[in-house]
Amino acid sequence: MDVGSEIQLQHETWSFADAIDNFDAHILQSIPNCQEQREYIATLSRFFLHADARAYEIGVSTGQLAKAVLARTPERSLSYFGLDVEPVMIEAAERNLAADARFSASIANAVDYSFEAATLVISYYTLQFIPLSERKRLVQRIYDALRPGGAFILYEKTIAENARLQDMLTQLYYDFKTEQGLSAEAILNKAVSLRGISMPLSLEGNRQLLLEVGFNSVELVYRNYCFAGYLAIKD
Ligand SMILES: C[S@@+](CC[C@H](N)C(=O)[O-])C[C@H]1O[C@@H](n2cnc3c(N)ncnc32)[C@H](O)[C@@H]1O
């Protein structure tokens with residue numbers, strides 16, 4: 001089944017591994033302001049990446065966000081660890097960042113990963129793929145790993161609290177995808193393939209999750225269509 005960006009799924013379930021060849025193009029067509037927000041996160045990251053700092057990105061994919069962050073901190077001797085469950089993603093990230101010794105990547109399920117003390121953790125459209133039964137435990141472990149003053153930058157697709165607004169946001173999002181050149185069939189197929197795979201929370205649901213695990217400063221740093229970015233700081 002065709003989900004756009006020349007990606008064909010053999011079944012109705014979305015798999016990042018199936019999408020690897022055209023992943024970089026597909027994510028740009030699927031997420032409004034995707035590269036612009038990577039650059040914004042890179043700028044924001046500088047506040048948390050002092051010399052010898054450790055950063056993690058859960059769901060590093062092909063390393064495009066890591067590349068942006070590391071490009072904005074060329075003078076700093078930090079360590080950036082990219083995690084992904086898909087071995088093909090890790091291979092691509094290692095290839096794309098081979099020139100930067102500060103980057104390393106591991107095939108790992110973020111849910112079971114033993115984080116070491118860090119000053120920054122980023123999840124750029126990944127947490128929504130973690131089963132709800134495990135999501136809070138993971139966010140708690142991220143909070144526990146952060147040093148005081150450290151940050152969790154979380155970007156997620158969200159759902160509206162109100163059904164009418166959700167309907168509008170869905171339609172606006174489909175307009176965006178159409179403008180990106182995706183066919184109506186590809187847009188529908190993608191939605192079908194993500195059933196039970198992507199499980200977004202509401203804007204307030206994510207905020208509550210961050211507050212419940214202990215973050216006391218939670219700021220919305222991005223909102224467009226149904227997408228949102230939070231900066232959560234551990235005081
Ligand atoms: C939307 S992509 C992330 C995009 C990436 N941050 C970027 O800027 O290009 C989500 C990624 O999360 C990975 N992923 C999904 N579940 C995961 C888990 N439990 N642990 C680690 N990675 C996971 C997927 O394989 C996929 O590469």
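Which residue is the bridge partner of Ala55 in strand 2? It's Tyr80, and that pair is a handy place to start a walk through this predicted model. Ala55 and Tyr80 belong to a longer match-up: strand 1 (residues 54-58) and strand 2 (residues 79-84) run parallel, joined by five bridges. Strand 2 is mostly covered, with five of its six residues buried.

Now zoom out to the whole sheet. Seven strands make it up, lined up in the order 3-2-1-4-5-7-6. The sheet is open, and its pairing is mixed. At the edges you'll find strand 3 (103-107) and strand 6 (217-224); each has a single partner strand, so one side of each is left without a neighbour in the sheet. On average, neighbouring strands here are turned by 15° against each other, if you ignore direction.

Let's move along to strand 4 (residues 118-124) and strand 5 (residues 146-157). These two pair in the parallel sense, over six bridges. To spot the pairing by eye, look for Ala118, whose bridge partner in strand 5 is Leu146. Packed on the sheet here is helix 5 (residues 132-145), which touches both strand 4 and strand 5. The direction of helix 5 makes about 150° with that of strand 5.

Helix 5 deserves a bit of time. At 1.5 Å a residue, its 14 residues should span 20 Å, and the C-alpha atoms at its ends are 21 Å apart, which agrees. Which side of this helix is tucked away? Look at Leu138, Val139, Ile142 and Ala145, which are buried in helix 5. They cover an arc of only 125° around the axis, and that puts them on the same side of the helix. Their cover includes strand 4, strand 5 and helix 8 (203-213). Turn to the face pointing away from that buried side and you meet the exposed residues Ser133, Arg137 and Asp144.

Next comes the nonpolar interior. The largest nonpolar core has 54 residues, and Ala66, Leu120 and Phe152 touch the most other members. Strand 5 gives the most to this core, with six residues. If you leave out residues up to four places away in sequence, Phe152 touches Val121, Ile142, Leu146, Phe215 and Ala232. Some of these names should ring a bell: Ile142 is one of the buried residues of helix 5, and Leu146 is the bridge partner of Ala118. Apart from this core lies another one, of six residues, including Val3, Ile7, Ala19 and Phe23.

Last stop: two tyrosines with an unusual backbone. Most residues other than glycine have a negative phi. Tyr125, however, has a positive phi of about 60°, although it is not a glycine. You'll find Tyr125 in the loop between strand 4 and helix 5. Is Tyr125 buried or exposed? It counts as buried, because it has 22 C-beta neighbours inside 10 Å, where 20 or more are needed.

The other one is Tyr225, again a residue other than glycine with a positive phi, near 50°. Its home is the loop between strand 6 and strand 7 (227-233). Tyr225 has 16 C-beta neighbours inside 10 Å, so it counts as partly exposed.

Notes
Residues are numbered from 1 along each chain as its sequence is written. This is a predicted model: local features need pLDDT of at least 70, side-chain atom pairs count only at pLDDT 80 or more; totals for chains, interfaces and linings use all residues. Two strands pair if DSSP finds at least two bridges between them. Helices (H or I, at least four residues) and strands (E, at least two) are DSSP runs, numbered from the N terminus. Axes are lines fitted to C-alpha atoms, for helices over the stretch in contact, and angles run from 0 to 180 degrees between N-to-C directions. Two residues are in contact if their C-beta atoms, placed from the backbone, lie within 7 Å. The expected span of a helix is 1.5 Å times one less than its number of residues. A residue is buried if 20 or more other C-beta atoms lie within 10 Å of its own, exposed if 12 or fewer, and partly exposed in between; C-beta atoms are placed from the backbone. The arc is that of the directions from the helix axis to the C-beta atoms. A nonpolar core is a set of buried Ala, Val, Leu, Ile, Met, Phe, Trp, Tyr and Cys residues joined through C-beta atoms within 7 Å.
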